[in-house]
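Here are my notes on the model, set out as numbered points. Please read them with the coordinates open.

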Amino acid sequence: MKKLTDIGEVKRALERHGIVLSKGLGQNFLINPTVCPRMAEYCGADDSTGVLEIGPGIGVLTVELAKLAKRVVAIELDERLKPLLEENLEPYPNAQVVWGDAMKLNLPALIEEHFSDCRRVVVCANLPYYITSPIIMMLLEQRLPIESITVMVQKEAAERMCAPVGSRESGAVTVAVHYHSVPSVLFSVSAGSFLPAPKVDSAVMKLEVLQQPPVDAGDEKQFRRLIKAGFSQRRKTLLNAVSAGGFSKEAAAAALDEMGLPRTARLEQLTLEQLAHLNRCLS
């Protein structure tokens with residue numbers, strides 16, 4: 001396949017290999033020729049960079065990354081795509097596919113094995129929408145030796161993750177993203193850019209991964225539990241939410257008093273610094 005974004009070519013290639021797109025795997029292939037080159041450029045791929053891609057599909061983004069990067073390793077779950085990917089990536093010996101579930105693979109070992117001669121490693125991917133948040137959380141919380149994560153996700157998800165912590169749009173994943181990275185939305189992608197067209201628009205965002213969190217939250221495992229407890233019960237006051245999550249209501253009340261916040265405050269209203277302070281007080 002010479003033009004991987006040509007809708008006719010895509011359909012004929014799928015038919016030739018007897019492949020039916022899977023809604024369950026969130027398979028919507030890009031047919032807008034401008035998106036993937038922009039993503040490859042924004043992720044900073046060059047001849048010293050190793051790029052980890054998750055969910056390459058038929059290889060539209062993989063090809064653009066391989067044109068710029070020293071090495072590309074794409075993780076794909078759907079082995080039905082094997083003949084298509086082999087066909088499309090044949091001209092690019094610096095691109096290789098690892099078959100498996102990215103959520104279950106040993107990513108530190110994979111990065112060490114494939115990118116040991118690369119000066120830097122980044123992630124660039126068009127993520128399956130049904131598993132966007134778990135993949136991003138996994139990439140961040142494992143503290144992999146990666147500099148950045150450039151991904152296309154649902155536009156609403158991108159706006160939520162990049163929203164300021166403490167704003168109405170923020171959620172538990174917003175806190176985690178800001179704790180581990182500096183996020184930004186790069187550009188929007190319309191639903192018509194895909195085959196088949198999804199019901200929502202998309203956006204490409206970039207997370208510049210931090211070597212150290214911007215705040216001292218103390219016990220990180222407890223911090224994750226606190227955020228999960230607070231945001232799973234958004235309508236409750238912070239005191240009632242943390243109490244239901246097994247934390248000390250008295251310690252939480254004392255922390256609110258110390259920060260000059262009303263005891264009717266909700267956890268979702270706190271900034272990242274305030275959340276970190278609260279967690280240290282609850283330890």
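1. Glu147 and Arg120 form a salt bridge, with 3.0 Å between the closest N and O atoms. Glu147 sits in the loop between α6 (132–141) and β6 (148–154), while Arg120 belongs to strand β5 (residues 120–126), so the contact ties together parts that are 27 residues apart in sequence. The two ends are not covered alike: Arg120 is buried at a relative accessible area of 12%, whereas Glu147 is partly exposed at 37%. Note that this is a predicted model, and the distance should be read as a property of that model.

2. How many salt bridges does the structure hold? The count is 10. As general background, side chains of opposite charge can pair when their charged atoms come close. Two further pairs are described in the next points.

3. Asp78 and Arg80 make a salt bridge through their side chains, at 2.8 Å from N to O. Is Asp78 buried or exposed? Its relative accessibility is 7%, and the cut-off for buried is under 20%, so Asp78 counts as buried. Arg80 is partly exposed, with a relative accessible area of 37%.

4. Asp257 pairs with Arg263 in another salt bridge, the closest N and O atoms lying 2.6 Å apart. Here Asp257 is partly exposed at 42% relative accessibility, and Arg263 is partly exposed at 46%.

5. Helix α6 is mostly covered, with seven of its 10 residues buried. Which residues of α6 are buried? They are Thr132, Ile135, Ile136, Met137, Met138, Leu139 and Leu140.

6. Arg143 follows α6 and has a positive phi, near 50°. The residue is not a glycine, so a check of the backbone here can begin from that value of phi, near 50°. Arg143 lies in the loop between α6 and β6, which is also the loop that holds Glu147. Arg143 has a relative accessible area of 40% and is partly exposed.

7. α6 also packs against helix α8 (residues 172–180), at an angle of about 30° and with the axes 10 Å apart. Angles under 35 degrees count as roughly parallel, and α6 and α8 are therefore roughly parallel to each other. Their crossing is left-handed.

8. A second helix pair is α2 (residues 35–42) with α3 (residues 60–68), whose axes come within 9 Å and cross at roughly 45°. How are α2 and α3 oriented to each other? That angle falls outside the ranges for roughly parallel, roughly antiparallel and roughly perpendicular, and the two helices are therefore oblique. α2 passes α3 in a right-handed crossing.

9. Strand β3 (residues 71–76) runs parallel to strand β4 (residues 95–99), and five bridges join them. Within this pairing, Ala74 of β3 has Val97 in β4 as its bridge partner. Between the two strands the chain passes through helix α4 (residues 82–89), and this β-α-β crossover is right-handed.

10. To recap the points worth a second look: the Glu147–Arg120 salt bridge, at 3.0 Å between the closest N and O atoms; the positive phi of Arg143; and the right-handed crossover from β3 through α4 to β4.

Conventions: Residues are numbered from 1 along each chain as its sequence is written. This is a predicted model: local features need pLDDT of at least 70, side-chain atom pairs count only at pLDDT 80 or more; totals for chains, interfaces and linings use all residues. Side-chain values use heavy atoms; hydrogens and water are left out. Two strands pair if DSSP finds at least two bridges between them. Helices (H or I, at least four residues) and strands (E, at least two) are DSSP runs, numbered from the N terminus. A crossover is right-handed if, with the strands pointing away from the viewer, the path from the first strand over the helix to the second runs clockwise. A salt bridge is a side-chain nitrogen of Lys or Arg within 4 Å of a carboxyl oxygen of Asp or Glu. Buried means under 20% relative accessible area, exposed over 50%, partly exposed in between (1.4 Å probe, protein chains only). Axes are lines fitted to C-alpha atoms, for helices over the stretch in contact, and angles run from 0 to 180 degrees between N-to-C directions. Angles under 35 degrees count as roughly parallel, over 145 as roughly antiparallel, 65 to 115 as roughly perpendicular and the rest as oblique. A crossing is left-handed if the near helix is turned anticlockwise from the far one by less than a right angle, and right-handed if clockwise.
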